[in-house]
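This report examines the interior spaces of one protein chain and the residues that surround them. The reader is invited to keep the sequence and the structure in view throughout.

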Amino acid sequence: MTVPRISDRARRVPASPIRALTPLAAATAARGVRVLHVNIGQPDLPAPPEILAEIRPPEDGIIPYAPSPGLPATIAAWCRYYAEVGISFRPQDIVITTGGGEAIGFAMTVVADPGDEILLFDPTYASYLGFAAAGSITLVPIPLAPPTYHLPPAAIIASHITARTRAIVLINPGNPTGAVCTRAEVQTVVELAREHGLFVIADETYRELVFDGREHVSAMDIPGADDVVILVDSVSKRYSATGLRVGCVASKNPDVMAAVTRLAMARLSSPTIAQQAVIPLLDAGTTYTAEIRAVYESRRDATYEALRRLPGVTVARPEGAFYVMVGLPIDDANHFARWLLTDFESGGETVMVAPGPGFYVTPGFGAREVRLAYVLAEDDLRRAVSLLEEALAAYPQRDVA
Ligand SMILES: *Cc1c(COP(=O)(O)O)cnc(C)c1O
């Protein structure tokens, strides 16, 4: 018998950089060491209680499929939500997905054939790497300069466009960078896309999480966005409901939405009960999101103020989302992140971080960076940073040059 072998593209799908160290962390915890998790964007805040009220067995005991594009009531609620944030979508412009993750997969599949290129700003959100590999799509990275990770000028972005380029991904606010695009930056991307016949995949999962009174500029706000912009969105972060798995793809381009709808048919349906549960949230206006924005802003301050005092560390004040990329005086962030779990502890505690290289498309980038997610209480965040400081002092491979 010949043993069957999996496809090359499946082989190329990378493991999630933020999940790869999970077994090591479990072993650390099993030794009785408390692990402070700033490695993953899992909010510690309770979801709005409205969700729980809606998660209940149906009266007739039947749990039906939802229509492939989504429950009409949920689509209508997304339309009202978007109207509230100043974006006008009609029901036919929206398909509900099983989380923002599925929305990313649908959007990439719709814009690119195998061998086509999608531009994105590097570092990026790791799901784009996975779906690109699965679809044999080439990601072309446009490097962002630390520590602020703002976009380079239009000419630099344009220099990456080739005959095979199909789309530009814009994650705003940024994960892992914490950068919030200015209106000029968003406009540059949308205008370049229009000029060169490209789509913009606009990932605005963290739309409400912008700090210091900043305004969030949606790619849909830019004149001429209607044909080119495909929004990918999610309730996961803005309503602290990652496990509910509700997101959407939204665009005013009818060809895009027809194709997304056919993909949605292929997977039949997104969970009916979860779609019902998000309706009151989407209708709740900005009450909950304003509360959590204040919480994250104050955590951002606690984390940033602690980090900027560490010797040899480079960091800029994050502008949104709940992440910060930190430059460290080390040569191999993957090794350091493992070492924190296997060889370091102080007072029975250690800290788990996400190594930089997993967020980069460009090989070799991120070796001196880690991402922290400020999803813990402020005292725990300060403790996490002080553990990082002690660890850096004790780390044998510290680069003191
Ligand atoms: C978390 C996240 C998503 C998707 O999250 P889901 O839980 O799948 O909805 C998409 N994009 C970015 C940038 C994210 O951080």
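## The second largest pocket

In this predicted model, the lining of the second largest pocket is made up of 6 nonpolar, 2 polar and 3 charged residues. The residues concerned are Glu-54, Arg-56, Pro-57, Pro-58, Glu-59, Ile-62, Ile-63, Pro-64, Thr-272, Ile-273 and Gln-276. The space within this pocket comes to about 150 Å³.

Helix H11, which spans residues 272–282, contributes the most to this lining, with 3 residues.

## Helix H11

Is helix H11 mostly covered or mostly uncovered? Helix H11 is mostly covered, since 8 of its 11 residues are buried. These buried residues are Thr-272, Ala-274, Gln-275, Ala-277, Val-278, Ile-279, Leu-281 and Leu-282. Thr-272 thus appears both among the buried residues of H11 and in the lining of the second largest pocket.

The buried residues of H11 pack against three elements: helix H3 (49–54), helix H4 (72–84) and strand S2 (94–97).

## The largest pocket

The largest pocket holds about 830 Å³ of space. Its lining consists of 41 residues, and those nearest the centre are Ser-16, Ile-18, Arg-19, Tyr-125 and Ser-127. By class, the lining of the largest pocket contains 20 nonpolar, 14 polar and 7 charged residues.

Several elements take part in this lining. At least two residues come from each of helix H5 (99–111), helix H6 (127–134), strand S7 (229–234) and helix H13 (333–342). The largest share, 5 residues, is supplied by H6. Both domain 1 (8–46 + 288–394) and domain 2 (60–282) provide at least three residues each to the lining of the largest pocket.

## The cavities

How many cavities of 30 Å³ or more does the model contain? The count is 2. The largest cavity encloses about 160 Å³ and is lined by 18 residues, of which Phe-121, Leu-144, Ile-171, Gly-174 and Thr-177 lie nearest its centre. Strand S3 (117–122) and strand S5 (165–171) each give at least two residues to this lining, and S5 gives the most, with 3 residues. The lining of the largest cavity divides into 12 nonpolar, 5 polar and 1 charged residues.

The second largest cavity has a volume of about 50 Å³. Around this cavity are Tyr-81, Glu-84, Val-85, Glu-208, Tyr-239, Leu-282, Gly-285, Thr-286 and Thr-289. By class, 4 of these lining residues are nonpolar, 3 are polar and 2 are charged. Leu-282, one of the residues lining this cavity, is also a buried residue of H11.

## The nonpolar cores

In soluble globular proteins, nonpolar side chains tend to be buried together. The largest nonpolar core in this model has 103 residues, and Trp-78, Tyr-82, Ile-94 and Phe-336 touch the most other members. Helix H14 (residues 378–394) supplies the largest share of this core, 7 residues. Domain 1 (8–46 + 288–394) and domain 2 (60–282) each contribute at least three residues to this core.

Which residues does Trp-78 contact, apart from its neighbours within four places in sequence? Trp-78 is in contact with Ile-94, Ile-96, Asp-233, Ser-234, Val-235, Arg-238, Val-246, Gly-247, Cys-248 and Leu-282. Separate from the largest core is another core of 26 residues, including Ile-104, Leu-120, Val-249 and Ala-264.

Definitions and conventions: Residues numbered from 1 in each chain as written. Predicted model: local features only at pLDDT ≥ 70, side-chain atom pairs only at ≥ 80, totals over all residues. Heavy atoms only, no water. Core = buried A, V, L, I, M, F, W, Y, C linked by side-chain atoms within 4.5 Å. Buried < 20%, exposed > 50% of the residue type's maximum accessible area, 1.4 Å probe, protein only. Helix = DSSP H or I, 4+ residues; strand = E, 2+ residues; numbered from the N terminus. Domains from an automatic or database assignment. Contact = heavy atoms within 4.5 Å. 1 Å grid on protein atoms, 1.4 Å probe; cavity = no way out; pocket = protein on both sides within 12 Å on 5 of 7 lines; lining within 4 Å. Points joined across faces, edges and corners; volume = space filled by probe spheres on them. Nonpolar A, V, L, I, M, F, W, Y, C, P; charged D, E, K, R; others polar.
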